Amino acid sequence: MKKLFLFYILIGGLLLQGCKDFLNLPPKNERAVTNLNDIKSVLAGYLDAFARSNTRPIVGPFPIILEQQNMMFEAYSDNFDFLANMPQYLHSTNSFAKEPFYADKLLFNDMETPKAIWTSYYQAIGFLNALIEQCDDLKDADSQELKRVKGEMLVHRAFYAFKLQQYFAPMNDEAMGIPLYLHTGKEVVGVEMRRLKQTEVYNIILADLEQALAYYGEAGSNPGYNRFFNTRYIQNLLAQVYWFKAASSAQQTDDYANAQQYALGAIEDVDTYIPKSLTAFMDVQANKDAQYPAVFMQSMAFNYVAAFYGNPYAQFGLSPANLKVADDLISLFDATDIRNDAYFNGSNISTGWPDGGPNGQKPIRIHLFAPEEAYLILAEAYYRNNKESEALQVLNKFKGFRGAAQKTNLSGDALLTEIVNERRKEFFTDTDKRWLDLKRYNIKTIQRTLRFFGKDYTVKVEPGDYHYALPIPQVELEENPYIVPNAGWNPIVF
């Protein structure tokens, strides 16, 4: 049996290298892995972060959606009235961020966050590649447990690849998928890490997830060990991938049918767990409901997101406080909607959101594979599959969970608009979701004129323009001669 020498101690020194250094990564002489228990032990050091929020993984980002990532995508979206909030952001009592931070975020000039995403996600893929490849050499291992372990890793690898594709690939250029390679380089020398076609990327992602789902059907999960290897989570992610792919250059005629199928699987028997009161809604946000069927992660960097969402000690006169939300977002909510009291204080974001408490620390909190996302994908899939009555029925059922008013006689574009608006309401401040919706639905021009360093700057982001494919990090362009950059990004030098 061949030995694999894992690189997880050494890999920290590779953080300034390009994705090819993670995807085409020769073995490193750090720790010998020769059997299934060895693989499980090494993988456990990564999975711990998905079981306990006070543990950093041995490789990859923590949390899986970084705080700066969340704030960048919020800055690149339309949920806040940033012009009205500038006096609070740049106030002398704001200790969380200074003028350069806000200038880069609000003027679409953040080059460091895409670099962090690119590096940490490809690092995690390279780590998983090495372990998955070693699984194929374990001929004498317990076959059922091997499926559980390999299936777990396949879902994680698919997740990272999907996010990289969503973030760095334009929607409608088939040639401009992300680079992706699924081996460690043991047998292959001189791999050219080119951008794949978008169809090729999605085929890889879907193959990983469908194999994982097949493994689950054959072996089930190990509840004490597995984290993503869960039929509900796998189907939720499959629904997301087919739903997003259906609006891309890689679209196929059965994408929405597949999205419908997997969304139905993801929400099976889930209704009793979806919060239907303000208290239950906030308990889920704070991870106080152990039965809620999603993967929860919480940052250890308390108050980091306060720079965008408000000082947790605003009652003492500290900034930023009373941050204004966009009027067109506020206008979408019915008076009876439980999310009103969760999110807002009048036209401002509540001091109790997104951390779940009236005052105090503001960590970033993330739920992966939430059933609410599958519900809204299902509504759209029905609509796209010419089942408008079913789409409206699902949409109204979802609105009922939140106490929102039911809709009648909706069809065509008006029905789709209502589904998109429901997504905006449900996923307010939720990681990357609004930015991805702006990208996917090709809607809305964002234009801002803001004053930084004594000068006015205007930025205009039109539907479908280059801003919706994040800049490839400069280090990748330098390290990888085969990579094609995303055009249009010219950093502002203040």
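Two residues are said here to be in contact when heavy atoms of theirs lie within 4.5 Å. With that in mind, a useful residue from which to enter this predicted model is Lys433, which lies in helix H18. Setting aside the neighbours within four places in sequence, Lys433 is in contact with Glu373 and Phe427. Lys433 has a relative accessibility of 10%, and because buried means under 20%, Lys433 counts as buried.

The surroundings of Lys433 lead to one of the enclosed spaces of the model. The second largest cavity holds about 200 Å³ of space, and 19 residues line it, those closest to its centre being Lys163, Gln240, Glu373, Asp432 and Lys433. Glu373, which is in contact with Lys433, thus appears again among the residues closest to the centre of this cavity. The elements that give two or more residues to this lining are helix H7 (143-168), helix H9 (231-245), strand S6 and helix H18 (433-441). By residue class, the lining of the second largest cavity divides into eight nonpolar, four polar and seven charged residues.

From there the view can be widened to the other cavities, of which the model has four when those of 30 Å³ or more are counted. The largest cavity contains about 340 Å³ of space, and of the 25 residues that line it, Gln285, Trp353, His367, Glu426 and Asp430 are the closest to its centre. Two elements, helix H11 (278-285) and strand S6 (365-368), give two or more residues to the lining of this largest cavity, and strand S6 is also among the elements that do so for the second largest cavity. The lining residues of the largest cavity comprise 15 nonpolar, five polar and five charged ones.

The last stop is an open space rather than an enclosed one. About 690 Å³ of space lies in the largest pocket, which is lined by 28 residues, with Arg227, Tyr233, Tyr292, Ala294 and Val295 the closest to its centre. Helix H9 and strand S3 (295-298) are the elements that give two or more residues to the lining of this pocket, and the largest share, three residues, comes from helix H9. Helix H9 is also one of the elements that give two or more residues to the lining of the second largest cavity, where Lys433 is among the residues closest to the centre. The lining of the largest pocket is made up of 15 nonpolar, nine polar and four charged residues.

Note on methods: Residues are numbered from 1 along each chain as its sequence is written. This is a predicted model: local features need pLDDT of at least 70, side-chain atom pairs count only at pLDDT 80 or more; totals for chains, interfaces and linings use all residues. Side-chain values use heavy atoms; hydrogens and water are left out. On a 1 Å grid over the protein atoms alone, a cavity is a set of points where a 1.4 Å probe fits but cannot get out, and a pocket is an open set with protein on both sides within 12 Å along at least five of seven lines; lining residues have an atom within 4 Å of a point. Grid points are joined across faces, edges and corners, and a volume is the space filled by probe spheres set on the points. Helices (H or I, at least four residues) and strands (E, at least two) are DSSP runs, numbered from the N terminus. Ala, Val, Leu, Ile, Met, Phe, Trp, Tyr, Cys and Pro count as nonpolar, Asp, Glu, Lys and Arg as charged, and the others, Gly among them, as polar. Buried means under 20% relative accessible area, exposed over 50%, partly exposed in between (1.4 Å probe, protein chains only).
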